[in-house]
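Q: Can you walk me through how the labels on this model are earned?
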Amino acid sequence: ELETLYESGLAFGSANTPKEIAQKAVAILERKMNWHHIAIRQYNANTDSVSLIAFNRPGLKASEAEEEIRTLGEIISNPDQGLSGWVTRSKKPIRVPNVKADPRYTETFPGIQSGLYVPLLYDENVIGSVAVESETENAFTEQDERLLITLAGQAAVSIENATLYEMAQKEIIERKQAESALQKQTQELAQLNNQLES
C-alpha cells in the first residue's frame, strides 16, 4: 500500500489536467486489483452532472477507449444513476460482492459480478467517483477498499487543483482577450475622433 501511495504521489504530481491525473490513477490501479474495468467520473455541481474522464480495461486500445468513454458517458451522465452515482450522492464508499442483487446497479457491461465504488472527496465536497468492477463475484477485499479510498483521496486533491488551475488559465486568457478588444476599441475611437476634428 505504501509503495502504491508513493507511486501515485509521484504520478499525480507530474500530471497537469484532471483527465491526465485520472488516467494515471487508472494505470496504478490496473496493476493492483482483480478487475474487468476501471472508470473515473468527475462531478460538476453547477450542472449536477457527471462526465467520464478516465476508463480502462485489459487489452483495450487507445482508439477503442475513446469510443468506450463516449458510450459509457451516455449510459451514466448524472449522479442519480448506478452505484457510482450513489457514492457521489452519499459521499460514502461501497463494496458490492454481487451487483446483480443491488437495485442501485446500472449495467454497463454484461457479466459484471462485483464492484468497488469510492467517492472523490475534496474538503468534504464530492468532485467525482472511482468505480472498479470485476467479472468475479466478491472480487474485492477490505484491503482493496482501503487502498482505493486512500488513492481516491490523493487523486481528488490533484484533480481539484488541476481544475482550479485550468479555470484560472481560462480566466487569464479571457481577461487578455477582453483587454485586447478594449484597447482596439479605444484606438478605433481615437482614430474616429481625430478624423472628426480634422
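A: Sure, starting with pairing: two strands pair if DSSP finds at least two bridges between them. Strands (E, at least two residues) and helices (H or I, at least four) are DSSP runs, numbered from the N terminus. This is a predicted model, where local features need pLDDT of at least 70, side-chain atom pairs count only at pLDDT 80 or more, and totals for chains, interfaces and linings use all residues. Residues are numbered from 1 along each chain as its sequence is written, and side-chain values use heavy atoms, with hydrogens and water left out.

Q: What makes β1 and β5 a pair?
A: β1 (residues 37-44) and β5 (residues 125-134) share 6 bridges in the antiparallel sense, and the rule asks for at least two, so they count as paired. Within β1, Q42 sits opposite G128 of β5.

Q: Why are β2 and β3 at the edges of the sheet?
A: The open sheet has 5 strands, ordered β2-β1-β5-β4-β3, with antiparallel pairing. β2 (49-56) and β3 (94-96) each have a single partner strand, so one side of each has no neighbour in the sheet. On average, neighbouring strands are turned by 20 degrees against each other, direction ignored; axes are lines fitted to C-alpha atoms (for helices, over the stretch in contact), and angles run from 0 to 180 degrees between N-to-C directions.

Q: Which strands does helix α2 touch, and which does α4 touch?
A: Contact means heavy atoms within 4.5 Å. By that rule α2 (residues 18-29) packs on the sheet against β1, β2 and β5, at about 45 degrees to β2. Helix α4 (residues 82-90) touches β1, β3, β4 (114-122) and β5, and makes about 150 degrees with β5.

Q: What makes one space a cavity and another a pocket?
A: On a 1 Å grid over the protein atoms alone, a cavity is a set of points where a 1.4 Å probe fits but cannot get out, while a pocket is an open set with protein on both sides within 12 Å along at least five of seven lines; lining residues have an atom within 4 Å of a point. Grid points join across faces, edges and corners, and a volume is the space filled by probe spheres set on the points. The structure holds 1 cavity of 30 Å³ or more. The largest cavity takes up about 100 Å³, and its 13 lining residues include R41 and E133, both among those nearest its centre. The largest pocket has about 380 Å³; Q42 is one of the residues closest to its centre, and α5 (142-197) gives the most to the lining, 5 residues.

Q: How do you know which element to trust least?
A: pLDDT is the predictor's confidence in each residue, from 0 to 100. Helix α1 (residues 2-13) has the lowest mean, 61, and β3 the highest, 97. Where pLDDT is low, predicted coordinates should not be read in detail.
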